[in-house]
Amino acid sequence: LAMNSITYSLLNDDEKKEAKKLRCSFNLNMAAVYLKEKDAKQTIAKCNKVLEIEFQNIKALYRRAQVY
């Protein structure tokens, strides 16, 4: 899901929303995997990436809290 800023700037508003949604979904799924693997550092990192996009994302907040 790597997308450089030039490619991102070529997207229309709907495509940008979809890209953000996909990035959130990907990082939330990875956080769930890391949580299951008991890798606290990676779980927190993936949740923080989601929270950079959606600062009140409940799943990201919940999964990050589960680490503690």
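1. Start with asparagine 12, which caps the N-terminal end of helix H2: one of its side-chain oxygens sits 3.0 Å from the backbone nitrogen of aspartate 14. Bear in mind that this is a predicted model, so I'd read such distances as computed ones. 

2. H2 itself covers residues 13-36. With 24 residues at 1.5 Å each, a span of 34 Å is expected, and the end C-alpha atoms are 35 Å apart, which agrees. The residues of H2 that count as buried are Ala19, Cys24, Asn27, Leu28 and Ala31.

3. For the overall layout, the protein has four helices and zero strands, and the order from the N terminus is α-α-α-α. Along its principal axes, the C-alpha trace spans about 40 × 20 × 15 Å. Of the 68 residues, 21% count as buried. If you look at contacts with a separation of 6 or more, 37% of them come from residues 24 or more positions apart.

4. Now the core. Which residues make up the largest nonpolar core? There are seven in all: Cys24, Leu28, Ala31, Cys47, Val50, Leu51 and Ala60. The elements that give two or more residues to this core are H2 and helix H3 (40-53). As background, nonpolar side chains tend to be buried together in soluble globular proteins.

5. Leucine 51 is a handy core residue to click on. Leaving out residues up to four places away in sequence, leucine 51 touches Asn57, Ala60, Leu61 and Arg64. One of these partners, leucine 61, lies in helix H4. The C-alpha atoms of leucine 61 and leucine 51 are separated by 7.8 Å, with the two residues ten apart along the chain. Seen from the other side, leucine 61 is in contact with Leu51 and Gln56, again leaving aside neighbours within four places. Is leucine 61 buried, exposed or partly exposed? At 33% relative accessibility, leucine 61 counts as partly exposed, because buried would require under 20%.

6. How many salt bridges are there? The count comes to one. Lysine 21 pairs with glutamate 18, and their closest N and O atoms are 3.8 Å apart. Both residues belong to H2 and lie three residues apart, about one turn of the helix. In an α-helix, residues three or four places apart point the same way, because there are 3.6 residues a turn. As for accessibility, lysine 21 is exposed at a relative accessible area of 54%, while glutamate 18 is partly exposed at 36%.

7. Two positively charged residues deserve a second look. Arginine 63 is in helix H4 (residues 58-67). Arginine 63 is buried yet has no salt bridge, and the nearest side chain of opposite charge, glutamate 54, is 11 Å away. What does arginine 63 touch? Not counting residues up to four places away in sequence, the list is Leu28, Asn29, Ala31, Ala32, Leu35, Thr43 and Cys47. Leu28, Ala31 and Cys47 also appear among the residues of the largest nonpolar core.

8. The other is lysine 46, in helix H3. Lysine 46 is also buried without a salt bridge. For lysine 46, the nearest side chain of opposite charge is aspartate 39, 10 Å away. Leaving aside its neighbours within four places in sequence, lysine 46 is in contact with Asn27, Met30, Ala31 and Tyr34. Of those contacts, Asn27 and Ala31 are among the buried residues of H2.

9. Check the backbone at lysine 38, too. Lysine 38 is found in the loop between H2 and H3, just after H2. Its phi is near 60 degrees, a positive value in a residue other than glycine. For context, most residues other than glycine have a negative phi. Is lysine 38 buried or exposed? Lysine 38 is exposed, with a relative accessible area of 73%.

10. A last spot to look at is leucine 22, which lies in H2. At 44% relative accessibility, leucine 22 counts as partly exposed, because exposed would take over 50%. Leucine 22 and aspartate 39 are 17 residues apart along the chain, and their C-alpha atoms are separated by 23 Å.

Conventions:
Residues are numbered from 1 along each chain as its sequence is written. This is a predicted model: local features need pLDDT of at least 70, side-chain atom pairs count only at pLDDT 80 or more; totals for chains, interfaces and linings use all residues. Side-chain values use heavy atoms; hydrogens and water are left out. The expected span of a helix is 1.5 Å times one less than its number of residues. Buried means under 20% relative accessible area, exposed over 50%, partly exposed in between (1.4 Å probe, protein chains only). A polar contact is a pair of N or O atoms within 3.5 Å; within protein, one must be able to donate a hydrogen and the other to accept it, and residues adjacent in sequence count only if both atoms are side-chain atoms. A nonpolar core is a set of buried Ala, Val, Leu, Ile, Met, Phe, Trp, Tyr and Cys residues joined through side-chain atoms within 4.5 Å. Contact means heavy atoms within 4.5 Å. A salt bridge is a side-chain nitrogen of Lys or Arg within 4 Å of a carboxyl oxygen of Asp or Glu. Lys and Arg count as positive and Asp and Glu as negative; His and the chain ends are not counted.
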